[in-house]
Structure formats: structure tokens, C-alpha cells
Amino acid sequence: MKQLSVIIIGAGIRGGSYARLMKQMPDKYRIVGVAEPHPTDRAYFRDEYDIPAENCFESWEQILDRPKMADIAVIATVDDMHYAPAMKAISLGYDLLLEKPVSITAWKPESGVSLKALSIFFRTFSGVSLQP
């Protein structure tokens with residue numbers, strides 16, 4: 001199986017949990033970027049997962065404002081910040097590991113999000129497991 005590259009958006013408790021699991025499977029996953037507003041957590045990720053400084057960002061907007069740099073985006077921001085980075089990551093072609101909930105507000109047709117985008121959003125990447 002090909003090693004999958006990963007960016008972590010939100011390097012707190014949840015993002016850290018996924019990253020630790022992935023680090024236990026270096027043949028399957030490699031963390032290549034992180035977005036985290038807290039400097040201490042961002043620096044920890046940089047050092048712990050050997051992420052180049054140029055791939056460490058303060059916000060999800062910064063990491064997703066560049067061309068796609070990984071196979072998977074882990075969206076582990078606080079609950080009310082899942083939707084926007086998830087939709088942006090999908091538009092760039094990332095597969096997602098998305099913390100629940102997708103959104104803390106109900107979807108409304110007038111939001112401008114198409115049903116096609118929602119169906120893409122709920123795709124899963126087959127054959128990928130976080131079990132060591």
C-alpha cells in the first residue's frame with residue numbers, strides 16, 4: 001500500500017490523537033503539514049513529526065490557500081470550525097478525516113452548498129484504517 005501524506009488542521013487533543021496513531025504506522029502515513037493557531041502546539045508538531053517549517057501554518061486558511069500538498073486532510077478544529085475548512089479541502093481534492101460534527105448548524109439550501117458538494121463531502125477513502 002502506498003504511504004499516504006497527511007496534513008493536520010487543528011493540532012490540539014483530537015488532532016494530536018490522530019497524529020500519534022498515524023506515527024505508529026510510518027509505512028502507511030506521513031504527516032507533511034500542520035495548521036494550528038497556538039504556537040506551542042504548532043512547534044510541538046513541527047518537531048515531533050519532522051514537519052518542515054514552511055509547512056507549518058497558523059490557520060486553516062493559510063494551509064489551504066496553497067496548492068494541494070497531501071493526500072488526506074485531517075480536520076480537527078473546534079466543532080464550530082469544521083465546515084469551512086472541510087469544504088475548502090474538498091474543493092482542492094483532499095480526502096478527509098473529519099471530526100464530528102460536520103457543522104453545528106443545520107444545512108440550508110440557500111447556503112449555496114450544492115447537494116453534489118455534500119455528496120463529495122461524505123465520501124470515504126476505502127481501505128484506509130487507523131488500526132496499527
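**View 1. K68 meets the ring of Y94.** In this predicted model, K68 lies over the face of Y94. The distance from K68 to the centre of that ring is 5.7 Å.

**View 2. K23 and Y49 make a similar kind of close-up.** Here the charged end of K23 sits over the ring of Y49. The distance to the ring centre is 5.5 Å. Keep an eye on Y49, because this residue is buried, at 10% relative accessibility, and turns up again in the next view.

**View 3. Y44, F45 and Y49 form an aromatic cluster.** Ring pairs link these three residues, and the structure holds two aromatic pairs. Y44 and F45 make an edge-to-face pair, with 6.3 Å from centre to centre and 70° between the planes. The rings of F45 and Y49 have centres 4.9 Å apart; their planes meet at 50°, so this pair is tilted. As a reminder for reading such views, a pair of aromatic rings is described by the distance of the centres and the angle of the planes. Which residues of the cluster are buried, and which is partly exposed? F45 is buried, with a relative accessible area of 1%, and Y49 also counts as buried because its value of 10% is under 20%. Y44, at 42%, counts as partly exposed because its value falls between 20% and 50%.

**View 4. Five strands build an open sheet.** Follow the strands across the sheet in the order β3-β2-β1-β4-β5, with parallel pairing. Which strands lie at the edges? They are β3 (56-57) and β5 (95-98), each of which pairs on one side only. For readers who like a refresher, strands of a sheet pair through backbone hydrogen bonds, either parallel or antiparallel.

**View 5. Strands β4 and β5 run side by side.** Strand β4 covers residues 72-75, and four bridges join β4 to β5 in a parallel arrangement. To find your place here, start at V74, whose bridge partner in β5 is L97.

**View 6. Helices α1 and α4 pack against strands.** Helix α1 (residues 13-23) packs on the sheet and touches β1 (4-9), β2 (29-35), β4 and β5. The direction of α1 makes about 160° with that of β1. Helix α4 (residues 83-92) lies across β4 and β5. What angle does α4 make with β5? Helix α4 runs at about 160° to β5.

Technical notes:
Residues numbered from 1 in each chain as written. Predicted model: local features only at pLDDT ≥ 70, side-chain atom pairs only at ≥ 80, totals over all residues. Heavy atoms only, no water. Pairing = 2+ DSSP bridges. Helix = DSSP H or I, 4+ residues; strand = E, 2+ residues; numbered from the N terminus. Contact = heavy atoms within 4.5 Å. Axes fitted to C-alpha atoms, helices over the stretch in contact; angles between N-to-C directions. Phe/Tyr/Trp six-rings, centres within 6.5 Å; stacked < 30°, edge-to-face > 60°. Buried < 20%, exposed > 50% of the residue type's maximum accessible area, 1.4 Å probe, protein only. Lys NZ or Arg CZ within 6 Å of the ring centre and 35° of its normal.
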